[in-house]
Amino acid sequence: MAFLSAVSFATGVAFLLMGAWPVFGFFGLDVLVIYWAFRINFRRASAIEEISVTPSELRVRRVSHRGHVVEWVLNPLWVRLDQKTHAEFGIERLYLVSKGRRVSIGGFLGADEKASFAKALLAALQAAKRGITYNR
């Protein structure tokens with residue numbers, strides 16, 4: 001941010017010396033907007049999603065960046081993993097489907113990470129269906 005501020009200030013001074021003094025004030029606004037965007041992104045990065053699978057339950061716990069907690073408890077014997085894929089980009093969305101409920105999971109992951117996560121979750125669900133606690 002210090003580097004960006006210095007570049008913006010130097011550019012603003014150059015415009016000021018050319019006689020375009022009204023432009024000088026706008027160069028501070030770009031730094032403020034970028035700082036604000038970084039702050040929002042940093043806060044939203046604190047959101048978490050935990051998924052635990054045992055032979056008796058599958059628990060999805062989502063904590064937003066504001067601290068709001070939402071939790072779903074599903075029976076792993078009835079859960080199916082649904083994927084929405086795109087031919088070019090790979091997996092776009094992952095859903096847990098059980099008895100008419102559809103819970104979106106892993107929305108913050110990239111396509112490759114979603115594929116790896118889906119593989120691990122399917123293995124955990126298979127282990128739960130066999131009655132084994134899967135730790136990974």
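Which side chain meets that of E50 in a salt bridge? In this predicted model, the partner is R61, with a separation of 3.8 Å from N to O. The two residues belong to distant parts of the chain, since R61 lies in strand β2 and E50 in strand β1, 11 residues apart. R61 is partly exposed, at a relative accessibility of 29%, and E50 likewise counts as partly exposed, at 40%.

The strands that carry this pair belong to an open sheet of three strands, arranged in the order β1-β2-β3 with antiparallel pairing. Strands β1 (48–53) and β3 (69–74) stand at the edges, and because each has a single partner strand, one side of each is left without a neighbour in the sheet. From one strand to the next, the twist averages 10°. Between β1 and strand β2, which spans residues 58–63, the antiparallel pairing extends over six bridges, and within this pairing I48 has V63 in β2 as its bridge partner. Helix α3, formed by residues 111–129, packs on this sheet and touches β1 and β2, its direction making about 30° with that of β1.

In total, the structure holds six salt bridges. One of them joins the side chains of R62 and E49 at 2.8 Å, again from N to O, and it links distant parts of the chain, with R62 in strand β2 and E49 in strand β1, 13 residues apart. R62 is partly exposed, its relative accessible area being 26%. Another salt bridge is formed by the side chains of R59 and E71, for which the N to O distance is 3.2 Å. Here R59 lies in strand β2 and E71 in strand β3, so the pair ties together parts of the chain that are 12 residues apart in sequence. Both partners are partly exposed, R59 with a relative accessible area of 25% and E71 with a relative accessibility of 41%. Through salt bridges that share partners, E50, E57, R59, R61 and E71 are joined into one network. As general background, side chains of opposite charge can pair when their charged atoms come close.

A further open sheet is formed by three strands in the order β4-β5-β6, and the pairing is antiparallel here as well. Its edges are occupied by β4 (80–86) and β6 (101–105), each of which has a single partner strand, so that one side of each is left without a neighbour in the sheet. Neighbouring strands of this sheet are turned against each other by 30° on average when direction is ignored. Strand β5, covering residues 90–98, runs antiparallel to β6 and is joined to it by five bridges, and the bridge partner of Y95 in β6 is S104. Helix α3 packs on this sheet too, where it touches β4, β5 and β6, and its direction makes about 30° with that of β5. Helix α3 thus has contacts both with β1 and β2 and with the strands β4, β5 and β6.

Aromatic rings were also examined. The count of aromatic pairs comes to zero. The ring of Y95 nevertheless has a charged side chain over its face, namely that of R102, which lies at 3.9 Å from the ring centre.

Methods
Residues numbered from 1 in each chain as written. Predicted model: local features only at pLDDT ≥ 70, side-chain atom pairs only at ≥ 80, totals over all residues. Heavy atoms only, no water. Pairing = 2+ DSSP bridges. Helix = DSSP H or I, 4+ residues; strand = E, 2+ residues; numbered from the N terminus. Axes fitted to C-alpha atoms, helices over the stretch in contact; angles between N-to-C directions. Contact = heavy atoms within 4.5 Å. Salt bridge = Lys/Arg side-chain N within 4 Å of Asp/Glu carboxyl O. Buried < 20%, exposed > 50% of the residue type's maximum accessible area, 1.4 Å probe, protein only. Phe/Tyr/Trp six-rings, centres within 6.5 Å; stacked < 30°, edge-to-face > 60°. Lys NZ or Arg CZ within 6 Å of the ring centre and 35° of its normal.
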